[in-house]
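Subject: Structure handover and notes

Hello,

Here is the structure we discussed, for you to load and look through. My notes come after it.

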Amino acid sequence: MSAHHQKRESHRGIRLIIIASILWGTVGIATQAIYHRSDMTAITVGFYRIALAVPFVVAFSCMTVGWRGLLVSRCHLPRMAMIGAMLAFYQVCYFSAISYVGVAVATLVTLCSAPAIVALLSIVWLNERLTRQTLLALTFALVGTCLLVGMPDAVVARGDLLTGVLLALGSATGYAIVTLVGKSLSGQVDPIHSTTVSFAVGALCLLPLALVDGMTLKMPLEIWGLLGYIGLVPTATAYFCFFAAMRHVKASTASVITLLEPLTATLLAWVLFDERLGIVGMCGALLLMTAIGVLYRANDGNGAGDT
């Protein structure tokens, strides 16, 4: 593969992850609308999010590669199942962490630790080289995320804080495994395979928890519409873009770019709900955008060969 073609594919992968991150950023707005209109719990929303994505990815697979596209090699199945299990795991850990330490602490610990975990594990697991540009972008992104999310000022009990932080770190680790396993499969299987099998396994893992949580099918059409949007757009479409991009982008690079998710959510909340961003938040947003620029620039010339 020529250096020019490699650079072009790398840039395409970065753009796909940017799209995925922006779509993921809309989940919070849609979920908030569901909470305002129903008494649905976070676990149930998480189940529906993955379960409703399954028919979409199956239909897409049938339209693009036919029914044969759903056939998966046995040697790839365990890793696809692991992705699905980790999708369920990191959602449960995150929602549980919120119950102990609140949204601010849980979000901050999860978002800031995930890229660092991915960067460290990718060196050992995938033999990826951590470049100066990636480290610089990671620093900008983590500081920017802290400024954007804000440092929590709520006081929680020491035992709750420890439990909540451990759960948030568990969530970040689950996300890191999804990223790394997805990267390891990216050059071997079609992204639609990974997406379909992973979502099916994730839905099965969350189904018992959702049933215990009081899941019901009797909901207004408006709620089904919001759940359908979450399943189709920020789940099926976003994860397909993410897994497709992993063929051409390093796991550590991808984990940094996905920090655009909280930026998107913040900007949407600013526009739709008049939640002011503030000077500090704007500085955080600028640092996040700078991090993406550093990564994109790193893939011009010598950086293209690192992805």
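The notes below go from the whole chain to single helices, pairs and residues.

Please keep in mind that this is a predicted model.

Overall

The chain has 12 helices and zero strands, so its pattern along the sequence is simply α-α-α-α-α-α-α-α-α-α-α-α. Of its 307 residues, 49% count as buried. The accessible surface amounts to about 14,300 Å², and carbon and sulfur atoms hold 68% of that. Taking the contacts between residues at least 6 apart in sequence, 90% join residues at least 24 apart.

Helix 12

Helix 12 covers residues 278–298, which is 21 residues. At 1.5 Å a residue the expected span is 30 Å, and the end C-alpha atoms are indeed 30 Å apart, so expectation and model agree. Which residues of helix 12 are buried? They are Gly281, Gly284, Ala285, Leu288, Ala291, Ile292, Val294, Leu295 and Ala298. As background, an α-helix has 3.6 residues a turn, so residues three or four places apart point the same way.

The salt bridge

How many salt bridges does the structure hold? There is one. Arginine 37 and glutamate 222 form it, with their closest N and O atoms 2.6 Å apart. This pair links distant parts of the chain, since arginine 37 sits in helix 2 and glutamate 222 in helix 9, 185 residues apart. In general, side chains of opposite charge can pair when their charged atoms come close. Are the two partners buried or exposed, or something in between? Arginine 37 has a relative accessible area of 44% and is partly exposed; glutamate 222, at 46%, is partly exposed as well. Both values fall in the range between under 20%, which would mean buried, and over 50%, which would mean exposed.

Methionine 40

Methionine 40 is in the loop between helix 2 (27–37) and helix 3 (42–51). Its relative accessible area is 11%, so methionine 40 is buried. Apart from neighbours within four places in sequence, methionine 40 is in contact with Ile34, Tyr35, Val45, Tyr48, Met219, Ile223 and Leu227. One of these, methionine 219, is 179 residues away in sequence, while the C-alpha atoms of the two methionines are 9.7 Å apart in space.

Aromatic pairs

The structure holds 10 aromatic pairs. One of them joins phenylalanine 47 and tyrosine 48, a tilted pair with 5.5 Å from centre to centre and 55 degrees between the planes. Phenylalanine 47 and tyrosine 48 are both buried. Another pair is formed by tyrosine 239 and phenylalanine 243: the ring centres are 6.0 Å apart and the planes meet at 40 degrees, so this pair is tilted too. Why does it count as tilted? Because planes under 30 degrees apart would be stacked and planes over 60 edge-to-face, with the rest being tilted.

Tyrosine 239 and phenylalanine 243 are four residues apart in helix 9 (residues 221–245), so about one helical turn separates them. Tyrosine 239 is buried at 5% relative accessibility, and phenylalanine 243 is buried at 3%. These two residues belong to one aromatic cluster with Trp24, Phe199 and Phe242.

Arginine 15

Arginine 15 is placed in helix 1 (residues 3–24). With 40% relative accessibility, arginine 15 counts as partly exposed. Its C-alpha atom is 9.8 Å from that of phenylalanine 242, although their positions lie 227 residues apart along the chain. Phenylalanine 242 is one of the residues of the aromatic cluster mentioned above.

Leucine 121 and the surface patch

Leucine 121 is in helix 5 (residues 77–125). Its relative accessible area of 33% makes leucine 121 partly exposed. Together with Met82 and Trp125, leucine 121 forms a nonpolar patch on the surface, and the patch has about 270 Å² of accessible area. Leaving out neighbours within four places in sequence, the contacts of leucine 121 are Leu126 and Leu180. The C-alpha atoms of leucine 121 and isoleucine 177 are 8.9 Å apart, with the two residues 56 apart in sequence.

Regards

Conventions:
Residues numbered from 1 in each chain as written. Predicted model: local features only at pLDDT ≥ 70, side-chain atom pairs only at ≥ 80, totals over all residues. Heavy atoms only, no water. Patch = residues over 30% accessible without salt bridge, like charges linked within 9 Å, V, L, I, M, F, W, Y side chains within 5 Å. Areas by Shrake-Rupley, 256 points an atom, 1.4 Å probe, with all protein chains shown as cover. Salt bridge = Lys/Arg side-chain N within 4 Å of Asp/Glu carboxyl O. Helix = DSSP H or I, 4+ residues; strand = E, 2+ residues; numbered from the N terminus. Buried < 20%, exposed > 50% of the residue type's maximum accessible area, 1.4 Å probe, protein only. Expected span 1.5 Å × (residues − 1). Phe/Tyr/Trp six-rings, centres within 6.5 Å; stacked < 30°, edge-to-face > 60°. Contact = heavy atoms within 4.5 Å.
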